[in-house]
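Here are a few notes to read alongside the structure, in case they help you find your way around. I have kept them to the packing of the interior and the layout of the sheet.

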Amino acid sequence: FVLFGSNPPNVILMMADDLGYNDLSCYGSKRQKTPVLDKLAEEGLRMTSFYAGATVCTPSRMALLTGAYPPRLGWNGGVVGYGLKPQNGLAPAARTIGEVFKEAGYKTALIGKWHLGDTPELHPIGQGFDLTYFIDKSNNQTKKLWRGRDLEADPFDNRRLTENFIKEAVAFIKSSKKDPFFLYLPFSAPHFPAQSHPDWEGKSANGAYGDVVEELDGRIGELLKVLKDEELKKNTIVVFMSDNGTEPGQKKWGSGEPFRGLKWSALEGGTRVPCILRFPRVIPSGVVSDKLTTAIDLLPTLASACGIKLKEGPSVVPKIDGLNLWASWQGKTKTHPRSSLLYWQGWAVPQAIRVGDWKLYLDKVKEIPGTNKAPVLIDLSTDPGEEKDLASKYPEKVKDMKELAIELLSEIEENSISLGGPPDPRKKSSKRGQWLP
């Protein structure tokens with residue numbers, strides 16, 4: 001399976017929680033400074049049209065780990081602990097990126113926030129992770145910190161979660177450095193309540209939220225230094241992203257500018273997030289890409305980068321919606337595989353499709369003035385704030401995009417699996433939208 005001979009690359013996949021598009025200085029933030037991630041972007045690829053897997057936590061993680069749109073995994077709205085019962089989550093039958101890398105001989109770890117089910121059946125150990133050190137929901141929903149199946153702390157100190165996760169990640173890297181490793185590091189920061197670490201309190205110009213973001217940046221610097229000190233930098237793929245846009249209760253401090261919309265929303269600010277990737281000597285440095293990319297593309301792309309051939313066929317679930325973008329990221333091809341993207345809002349209602357620079361809302365959009373009826377067509381290349389409806393001007397484009405959306409959504413509905421845990425009593429048909437046949 002391995003193209004890199006006896007020395008396949010390591011992978012560190014980091015994800016912030018509720019970090020907005022404009023929350024890093026390399027993405028335009030003037031309110032907090034993020035020199036570590038800015039440098040990471042200078043050394044690699046910074047994406048400006050990258051989308052998280054969903055507009056809220058649980059389905060975003062489902063998408064990232066499986067390479068599939070969340071409704072294909074039975075997601076029917078909400079997050080674990082809010083609209084989705086803790087007994088439900090990612091089905092054990094679903095193949096995850098952890099399983100893919102573990103089967104290829106990698107040591108694997110999940111360190112951070114799981115949020116994919118609380119029961120023993122839905123534990124991350126059963127989803128391909130050798131080492132687990134995690135909170136099972138968001139930091140406002142639980143006070144328990146777990147190591148494997150053992151309770152590590154109750155309550156944990158929210159101010160020190162990022163510090164704890166980085167320390168554990170550093171220990172994992174040092175203990176695994178002789179073998180290829182895959183580290184999934186989904187932070188709880190800056191999800192509310194944002195509480196400053198004592199060493200960072202008052203350091204930013206943006207209150208506790210800014211302190212937490214700047215600490216996250218600094219702690220990631222500690223992790224990257226270990227890669228350099230252990231001579232692992234050149235052979236480690238590092239990815240940093242966010243799980244969705246700014247949380248509504250944090251909109252005073254977080255920012256998705258120049259986009260509108262917050263977490264839960266299908267507007268751009270709900271899912272367009274920062275994403276930075278570095279792989280020295282393989283990915284060109286200092287590149288800024290506006291090519292359409294989404295979190296579901298990471299599983300097939302990272303597998304390809306590490307020489308892992310993905311198993312296919314009806315026995316493998318879920319069907320992957322992600323695309324292999326490795327050649328495009330390396331600059332080896334002028335063609336970029338991804339040309340379209342589906343959007344759902346946080347309660348699993350399908351709302352829009354993007355094709356190229358065009359975005360079609362299939363229902364009316366209350367946030368866009370004067371659009372009291374569907375559909376609504378936006379040109380994102382000239383209107384990132386999604387203010388002007390062009391549907392009446394381009395009826396053929398509306399027709400083609402709507403037909404594509406219906407085709408894609410119908411296929412997903414026909415080829416989806418159930419959530420893990422007991423059956424979800426809610427009817428999926430209620431989420432289809434009146435515009436579907």
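1. A good place to begin is the largest nonpolar core, which has 83 residues. The members that touch the most others are Phe101, Phe182, Tyr184, Ile237, Leu298, Trp329 and Tyr361. Please keep in mind that this is a predicted model.

2. Take Tyr361 from that list and look around it. Leaving aside residues up to four places away in sequence, Tyr361 touches Ala266, Leu267, Gln351, Ala352, Ile368, Pro375, Val376, Ile378 and Glu386. There is also a second, separate core, with 41 residues, Ala16, Phe172, Ile220 and Val238 among them.

3. Now the sheet. It is open and built from 10 strands with mixed pairing, in the order β9-β8-β7-β6-β10-β1-β11-β12-β2-β13. At its edges sit β9 (150-153) and β13 (287-289), each pairing on one side only. Ignoring direction, neighbouring strands are turned by 15° against each other on average.

4. Within the sheet, have a look at β1 (residues 10-16) beside β10 (residues 181-186): the two pair in the parallel sense over 5 bridges. Leu13 has Tyr184 of β10 as its bridge partner, and Tyr184 is also one of the core residues touching the most other members.

5. Which strands does helix α2 touch as it packs on the sheet? Helix α2 (residues 57-66) contacts β1, β6 (107-113), β10 and β11 (236-242), and its direction makes about 165° with that of β10.

6. Finally, helix α7 (residues 298-305) lies across β1 and β11, and runs at about 170° to β11.

Methods: Residues are numbered from 1 along each chain as its sequence is written. This is a predicted model: local features need pLDDT of at least 70, side-chain atom pairs count only at pLDDT 80 or more; totals for chains, interfaces and linings use all residues. Side-chain values use heavy atoms; hydrogens and water are left out. A nonpolar core is a set of buried Ala, Val, Leu, Ile, Met, Phe, Trp, Tyr and Cys residues joined through side-chain atoms within 4.5 Å. Buried means under 20% relative accessible area, exposed over 50%, partly exposed in between (1.4 Å probe, protein chains only). Contact means heavy atoms within 4.5 Å. Two strands pair if DSSP finds at least two bridges between them. Helices (H or I, at least four residues) and strands (E, at least two) are DSSP runs, numbered from the N terminus. Axes are lines fitted to C-alpha atoms, for helices over the stretch in contact, and angles run from 0 to 180 degrees between N-to-C directions.
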